[in-house]
Amino acid sequence: MLDEYTWECIVRDIEAIVNTYRRMNKIMSLGLDNRVRFDAIKQMCKDIQHGNDEQRRVIIVDLGAGPGDSVSVIADVCKQVSYIVAIDPSPRLLKSITSSALCDRIVAVAENIPLRSSSVSGVTAFYAARDFKDLGDAVAEMLRILNKGRIAIGDIFLPRETMRSIAVKTWVCLFVPILALLFAPKQWRHYRGLCKSLRGWLSVEQLCKLIENIASHNHYGVRGIVCRKYVLGGLGYVVAEQE
């Protein structure tokens, strides 16, 4: 859980780096940022049936949409999608979305999604879940708006193994700001804030368990949870299907 001040600082930092967002994300993830999105979205969209009637329209919600990197991948991978709803607390970031996909933009937070219950086919969050004020409340909201669909969360993770966890923290907190100094010198100071989002963060396995626990507590059934790790567990995704 992030306090209000830390959360606001993180949002301001992300807004400040929007011009270098894509390039630095690729560097930070060792070129795997879109691979994580592609694999997770492919898993999320499998078996989704397209239809023309109101009940079967395929609507995908992207939380923490930022400048729209995930929106473009959703449109490319999930061919059944009718339209995408991009949600972010920053109007400035939403205005940066340039995807040709049919996309609604909503200024909101993940802990209070302004959509009807059981109204969408899928919910994604890529490189955004670490920045949610309350991850538990956000996951509960994701499950609430789902209509027997899937959620997909991809992000940086902190492995449970001590040495791997130290390696991830060292990369994000030390080496990424140094690389930003080289590749984005005007914004490099804002990359120091990334370290804040790792405090109390989870491993892929812990996120899987958290989703199961929240689903059970809120009387939602989930099945077929897929947990995938990359780069020593420092990068990965979770996809869970609502029963």
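This passage goes through the disulfides, the unpaired cysteines and the aromatic contacts of the structure. The model is a predicted one, and every value below is computed from it.

Three disulfides turn up in the structure. Going by sequence order among the bonded cysteines, they pair up as 1-2, 3-4, 5-6. The Cys 45 to Cys 78 link comes with an S to S distance of 2.4 Å, which still falls within the 2.5 Å cut-off for a disulfide. The torsion about its S-S bond is about -110 degrees, so this disulfide is left-handed. As for what it connects, Cys 45 belongs to helix H3 (residues 33-45), while Cys 78 sits in the loop between helix H4 (69-77) and strand S2 (83-88), and the two are 33 residues apart. Both ends are tucked away: Cys 45 is buried at a relative accessible area of 3%, and Cys 78 is buried at 0%.

Next along the chain is the bond between Cys 173 and Cys 195, with S to S at 1.9 Å. Here the torsion about the S-S bond is 80 degrees, making the link right-handed. Cys 173 is part of helix H7 and Cys 195 is part of the loop between H7 and H8, so the bond ties together parts 22 residues apart in sequence. Neither end counts as buried: Cys 173 is partly exposed, with a relative accessible area of 29%, and Cys 195 is partly exposed as well, at 27%.

The remaining bond runs from Cys 208 to Cys 227, S to S 1.8 Å. Its torsion is -140 degrees about the S-S bond, and the link is left-handed. Since Cys 208 lies in helix H8 and Cys 227 in strand S6 (residues 222-230), the pair ties together parts that are 19 residues apart in sequence. This one has a mixed setting: Cys 208 counts as buried at 6% relative accessibility, whereas Cys 227 counts as partly exposed at 39%.

Two further cysteines deserve a word. Cys 9 takes part in no disulfide, and the nearest cysteine sulfur, in Cys 195, is 14 Å away. Cys 9 counts as buried, at 9% relative accessibility. For Cys 103, the closest cysteine sulfur is that of Cys 78, and at 14 Å it is too far for a bond. Cys 103 is buried too, with 12% relative accessibility.

On the aromatic side, the structure holds three pairs, two of which are described here. In one of them, the ring centres of Phe 157 and Trp 201 are 5.9 Å apart and the planes make 15 degrees, so the pair is stacked. Phe 157 comes from the loop between strand S5 (146-156) and helix H7 (162-183), and Trp 201 from the loop between H7 and helix H8 (204-217), so the contact ties together parts that are 44 residues apart in sequence. Phe 157 is buried, with a relative accessible area of 0%. Trp 201 also counts as buried, at 11% relative accessibility. Another pair brings together Tyr 230 and Tyr 237, with centres 6.4 Å apart and planes at 45 degrees, so this pair is tilted. Both tyrosines, Tyr 230 and Tyr 237, are buried.

One charge-over-ring contact rounds things off: Lys 133 lies over the face of Trp 7, 4.2 Å from the ring centre.

Key. Residues are numbered from 1 along each chain as its sequence is written. This is a predicted model: local features need pLDDT of at least 70, side-chain atom pairs count only at pLDDT 80 or more; totals for chains, interfaces and linings use all residues. Side-chain values use heavy atoms; hydrogens and water are left out. Rings of Phe, Tyr and Trp (its six-membered ring) pair if their centres lie within 6.5 Å; planes under 30 degrees apart count as stacked, over 60 as edge-to-face and the rest as tilted. Helices (H or I, at least four residues) and strands (E, at least two) are DSSP runs, numbered from the N terminus. Buried means under 20% relative accessible area, exposed over 50%, partly exposed in between (1.4 Å probe, protein chains only). A charge sits over a ring if NZ of Lys or CZ of Arg is within 6 Å of the ring centre and within 35 degrees of the ring normal.
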